[in-house]
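Colleague: Could we go through this model together, starting with how its parts are defined?

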Amino acid sequence: MELQPNFPSIQQVANQYLGLQTERKDLQKGQGSSFEEILRQKQKEQVGELKFSKHAGQRLSQRDISLTESQRKRLEDGTGKAREKGMKESLVMVDGLAFIVNVKSNTVVTALSLKDSSTGSDEAVFTNIDGAVII
């Protein structure tokens, strides 16, 4: 019985080694992505689009609040900043609009306008939040 070697050719090993060396040099020269860039990209991919709970949708409708594309983008950015700081339930303020956001599920829980004429005042009390972002 003849044994067949399980080793690749010397050329294959050399090419593999040289390929690894090239990748290492690229990273050392800063041509590769940094760990922080890769981490932020992966977090963005996992988070997805900001959602609105049924309750938040009802509040937006009842209070006649509509978001512009710019405001929605800023709300998403504020939620991202809350996530970066480790917040779980955050108040995000955008142009006099207040949103309570469950950061982990990326969901707006409720919304109100601080200039809401139905309350009769410009005051509001927010409970059960662990931080606020004003954008």
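Modeller: Helices (H or I, at least four residues) and strands (E, at least two) are DSSP runs, numbered from the N terminus; contact means heavy atoms within 4.5 Å, and axes are lines fitted to C-alpha atoms, for helices over the stretch in contact, with angles from 0 to 180 degrees between N-to-C directions. The model is predicted, so local features need pLDDT of at least 70 and side-chain atom pairs 80 or more, while totals for chains, interfaces and linings use all residues. Residues are numbered from 1 along each chain as its sequence is written, and side-chain values use heavy atoms, leaving out hydrogens and water.

Colleague: What is the strand order of the open sheet?

Modeller: Two strands pair if DSSP finds at least two bridges between them. The sheet has five strands with mixed pairing, in the order β1-β4-β3-β2-β5.

Colleague: At what angle does helix α3 run to β4?

Modeller: Helix α3, residues 54–62, lies across β1, β3 (97–102) and β4 (107–113). Its direction relative to β4 is about 20°.

Colleague: Why are the buried residues of α3 on the same side?

Modeller: Buried means under 20% relative accessible area, exposed over 50%, and partly exposed in between (1.4 Å probe, protein chains only). In α3 the buried residues are Ala-56, Arg-59 and Leu-60. They lie on the same side of α3 because the arc they cover around the axis, taken from the directions from the helix axis to the C-beta atoms, is only 100°.

Colleague: Which residues are exposed on the other side of α3?

Modeller: The buried residues of α3 pack against β1, β3 and β4. Exposed on the other side are Lys-54, Ser-61 and Gln-62.
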